[in-house]
Amino acid sequence: MDRNDAATDGLTDVRGLRVGHAQVPGDRALSGTTVVLAPEGGAVAAVDVRGGGPGTRETDALDPRNLVQRIEAVVLTGGSAFGLDAAAGVMAWLEEQSRGVRVGRDPSQVVPVVPAACVFDLGRGGDWRARPDAATGRAAVEAAAATAEGAPVAQGGVGAGTGAVVGQFKGGIGSASTALESGITVAALVVANAAGSAVDPRTGALYGSYVAELAERVATPPAAVHAAAQLRLAEARENNGPAPLNTTLAVVATDADLTRAQAQKLAGTAHDGIARAVRPVHLLNDGDTVFALATGTARLDAADPLALNEVLAAGADVVTRAIVRAVLAARSVDGPGGTFPSYGELYGVE
């Protein structure tokens, strides 16, 4: 059984991880970048891509059969494939810190391996060309480095979640964590930006609240409130035109000393957390991608061949909770790029 008593109930409860956000400037910009910065020396990492239309960078480096053992940062970004340029800014900053895979005699001769994945948010602020670039990535990693260890993670319409949309509702960044009885911490950060809905169309309840822990259990709305919300959404749909494109991204992290193969398993099972909170998922026009990070400061019981199971189960749970939090933290957007009401506004949930 796990205990939801971690310090901030977010990704930074995994000691050593830091999170930074940056937004694209401009009145008609609605996009940004989020960086998860590992402790110096890096973290074991893996990735599992299940969407049919992913936009990624350096994910092959995380294959357990390949050379790179640890990474220093993960980039989650808006701007679709254009936004992957943000990773270049993160690489440049890491190189200046001499952090990366050492490739020469001098300790400063490194190649930072920076896996990245993007969501589609082009034009949601009204300017199709307002998208993250290397400067945005640099700003996000500098913001991460400037935070204190264990600082709370900003949620809602920030960083890569600035222009995120879930179905017809405004999406964004969400984060959650749990402390297991074994002493291991498992946490997640998501960019909730899905074609599928996080809301049950029959009742208006959040899918994820059916299985999330008490803090995220949102009561089923009254029928009249749900009917009024459906009318508002129909008006927004007519105003917005074709359904927005999508992708849900997640970083699930633990302080357990996982091997690269075990981290790969964690990334895969964490996708179950997306499937519990969003329907449908993993379609051809989704880019659903989950990264796993393991900092290795907590011991996994080597004598128990099933010790990993509690970490795997917790990983899926915190992803579900993080998606619920992303939807609840979002605020409505009504601008030249479209009308994206928030769940909280339509259903009166704070």
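Asp 200 is buried, with a relative accessibility of 1%. Its salt-bridge partner is Arg 202, at an N to O distance of 2.8 Å. Arg 202 is exposed, with a relative accessible area of 67%. The bridge therefore joins a buried residue to an exposed one. The model is a predicted one.

## Salt bridges

Side chains of opposite charge can pair when their charged atoms come close. The count here is twelve salt bridges. Three of them, including the pair just described, are set out below.

| Salt bridge | Closest N and O atoms |
|---|---|
| Asp 9 with Arg 321 | 2.7 Å |
| Asp 9 with Arg 325 | 2.4 Å |
| Asp 200 with Arg 202 | 2.8 Å |

What does Asp 9 form together with Arg 321 and Arg 325? These residues are linked in a network of salt bridges.

Take the pair with Arg 321. The closest N and O atoms of Asp 9 and Arg 321 are 2.7 Å apart. This pair links distant parts of the chain, 312 residues apart. Asp 9 sits in the loop between strand E1 (2–3) and E2, while Arg 321 belongs to helix H5 (residues 308–329). Both Asp 9 and Arg 321 are buried.

Now take the pair with Arg 325. For Asp 9 and Arg 325, the closest N and O atoms are 2.4 Å apart. Asp 9 lies in the loop between E1 and E2 and Arg 325 in helix H5, so this pair ties together parts that are 316 residues apart in sequence.

Are Asp 9 and Arg 325 buried or exposed? Buried means under 20% relative accessible area. Asp 9 has 11% relative accessibility, so it counts as buried. Arg 325 has a relative accessible area of 17%, so it is buried too.

## A buried strand

Strand E15 covers residues 289–298. Eight of its ten residues are buried, so the strand is largely enclosed by the rest of the structure.

Which strands pair with E15? Strand E4 (residues 44–49) pairs with E15 in the antiparallel sense, over six bridges. Strand E14 (residues 249–256) pairs with E15 in the parallel sense, over seven bridges. Look at Leu 293 in E15. Ala 45 has Leu 293 as its bridge partner. Ala 253 also stands opposite Leu 293.

Strands of a sheet pair through backbone hydrogen bonds, either parallel or antiparallel.

## An open sheet

Five strands form an open sheet in the order E2-E3-E6-E9-E5. The pairing is mixed. Strand E2 (18–23) and strand E5 (56–57) stand at the edges. Why is one side of each left without a neighbour in the sheet? Each has a single partner strand, so nothing in the sheet flanks its other side.

For E5, look to strand E9 (residues 116–118). E5 and E9 pair in the antiparallel sense over two bridges. Within this pairing, Thr 56 has Ala 117 in E9 as its bridge partner.

## A negative patch on the surface

Which residues gather in a patch of negative charge on the surface? They are Glu 181, Asp 301, Asp 304 and Glu 310.

Glu 181 is found in the loop between strand E12 (172–180) and strand E13 (185–192). Its relative accessible area is 55%, so Glu 181 is exposed.

Terms used:
Residues numbered from 1 in each chain as written. Predicted model: local features only at pLDDT ≥ 70, side-chain atom pairs only at ≥ 80, totals over all residues. Heavy atoms only, no water. Patch = residues over 30% accessible without salt bridge, like charges linked within 9 Å, V, L, I, M, F, W, Y side chains within 5 Å. Areas by Shrake-Rupley, 256 points an atom, 1.4 Å probe, with all protein chains shown as cover. Salt bridge = Lys/Arg side-chain N within 4 Å of Asp/Glu carboxyl O. Lys, Arg positive; Asp, Glu negative; His and termini not counted. Charge placed at Lys NZ, Arg CZ, Asp CG, Glu CD. Helix = DSSP H or I, 4+ residues; strand = E, 2+ residues; numbered from the N terminus. Buried < 20%, exposed > 50% of the residue type's maximum accessible area, 1.4 Å probe, protein only. Pairing = 2+ DSSP bridges.
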